[in-house]
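Welcome! Take a moment to look over the sequence and turn the model around before reading on. The notes below will walk you through it topic by topic.

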Amino acid sequence: MTKQVKKTTVGRPIATTFQIVEAYKAVRTNLLFALAPHDRKIVLVSSSEPNAGKSTVSSNVAITLAQNEARVLLIDADLRKPTQHRTFRVKKHNGLSRILSKELTFEDCVCRDVALNTDLLPSGSLPPNPSELLGSAQMVALLEKLSAEYDYILIDTPPLAVVSDALVLCEKAAGIMLVTRQGQTTYDELRNSIEAIKNVNGNLLGVVISDVNDSSRPYRRYVRGKYYKSYNYSYSQSPEL
Ligand SMILES: Nc1ncnc2c1ncn2[C@@H]1O[C@H](COP(=O)(O)OP(=O)(O)OP(=O)(O)O)[C@@H](O)[C@H]1O
Ligand SMILES: [Mg+2]
């Protein structure tokens, strides 16, 4: 019998929903191991360069963690180019930036149950000073309070090679999960990001390679000893709203 393989318009195989779900479950398992020694289950999600897939990975990992009967909060801390509000079809106006500028409270802004056991804190309106807001005492206090309310907090951030927002948050989190994209992220970019994380005494929890063509195995020498799992497409959509 001939095996049927779906192809995209560019001739690459499309992962089945089963493969995608299983890939995210594997990321969840490895993330849980990486988080085990840490009290605060706060995970930053970043990448070296733009467009690596970090918003897609953070929303899907949040949903997958929450399926384990955990209470999960996804924070859109990309205060320059937020997208999580579109993924979950909510408004971004009331969100993180307005809590940090003391205009609103978390309760005013949180979008409850955007997925099973998952809440979303959208970005809020775009501020002129994102790094300062994210590095503020208000952010420390917010994460302190939210750590008591949620089992896991995932924080979607801008790319490391562009701005230092994710690095500013490093000391407040258990660690950082780096997303790379096959055919896009270069070894140099990945090496520089890992160096930058080390320089602020951050903890690299692992590397996820997105948009992988199964026939090749890139980056292997960089991620040995850390968790890594490839995946081919997301199961949360990002419609333009
Ligand atoms: N595994 C994948 N396979 C194919 N396309 C993907 C994959 N992951 C994400 N995409 C698509 O790539 C684009 C960028 O993804 P995403 O917004 O998650 O990246 P990002 O790293 O958050 O980008 P930015 O740096 O702009 O915040 C989106 O159009 C998304 O739908
Ligand atoms: Mg993004």
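Let's start with K25, which has its place in helix α1. Keep in mind that this is a predicted model. K25 is partly exposed, because 14 other C-beta atoms lie within 10 Å, and a residue counts as exposed at 12 or fewer and as buried at 20 or more. K25 also has a partner from elsewhere in the chain: T64 is 39 residues away in sequence, yet the two C-alpha atoms are 6.6 Å apart in space.

**Helix α1: two sides**

- Helix α1 covers residues 17–35, which makes 19 residues. At 1.5 Å a residue they should span 27 Å, and the end C-alpha atoms are indeed 27 Å apart, so the two values agree.
- Which residues of α1 are buried? They are A23, Y24, V27, R28 and L31.
- These buried residues cover an arc of only 145° around the axis, which means that they sit on the same side of α1.
- Here is a general rule to help you picture this: an α-helix has 3.6 residues a turn, so residues three or four places apart point the same way.
- Look at the other side of α1 and you will find F18 and F33, which are exposed.

**Helix α2: enclosed**

- Helix α2 takes in residues 54–66, 13 residues in total. From the first C-alpha to the last, α2 reaches 18 Å, close to the 18 Å expected at 1.5 Å a residue.
- Is α2 enclosed or open to the outside? In α2, 13 of the 13 residues are buried, so this helix is largely enclosed by the rest of the structure.

**The nonpolar core**

- The largest nonpolar core has 55 residues, and V43, L44, L154, I155 and M177 touch the most other members.
- Helix α2 gives the most to this core, with six residues.
- As a general pattern, nonpolar side chains in soluble globular proteins tend to be buried together.
- Try finding I155 and its contacts: leaving out residues up to four places away in sequence, I155 touches I42, V43, L44, V45, I75, A77, L169 and A173.

**Strand β5 and its partners**

- Strand β5 (residues 152–156) is mostly covered, as five of its five residues are buried.
- Both faces of β5 are covered: Y152, L154 and D156 are buried on one side, and I153 and I155 are buried on the other.
- Strand β1 (residues 42–46) runs parallel to β5, and four bridges join them. In this pairing, L44 stands opposite I155 of β5.
- How many bridges join strand β2 (residues 72–76) to β5? There are five, and these strands also run parallel. Here D76 stands opposite D156 of β5.

**Two residues with positive phi**

- In general, most residues other than glycine have a negative phi. The next two residues are worth a look with that in mind.
- N51 is not a glycine, yet its phi is positive, near 70°. You can find N51 in the loop between β1 and α2. N51 is exposed, because 11 other C-beta atoms lie within 10 Å, where 12 or fewer count as exposed.
- R89, also a residue other than glycine, has a positive phi near 55°. Its place is in the loop between α3 (84–87) and α4 (96–100). R89 is exposed, with 11 other C-beta atoms within 10 Å.

Technical notes. Residues numbered from 1 in each chain as written. Chains lettered and ligands numbered in written order. Predicted model: local features only at pLDDT ≥ 70, side-chain atom pairs only at ≥ 80, totals over all residues. Expected span 1.5 Å × (residues − 1). Arc of directions from axis to C-beta. Core = buried A, V, L, I, M, F, W, Y, C linked by C-beta atoms within 7 Å. Contact = placed C-beta atoms within 7 Å. Pairing = 2+ DSSP bridges.
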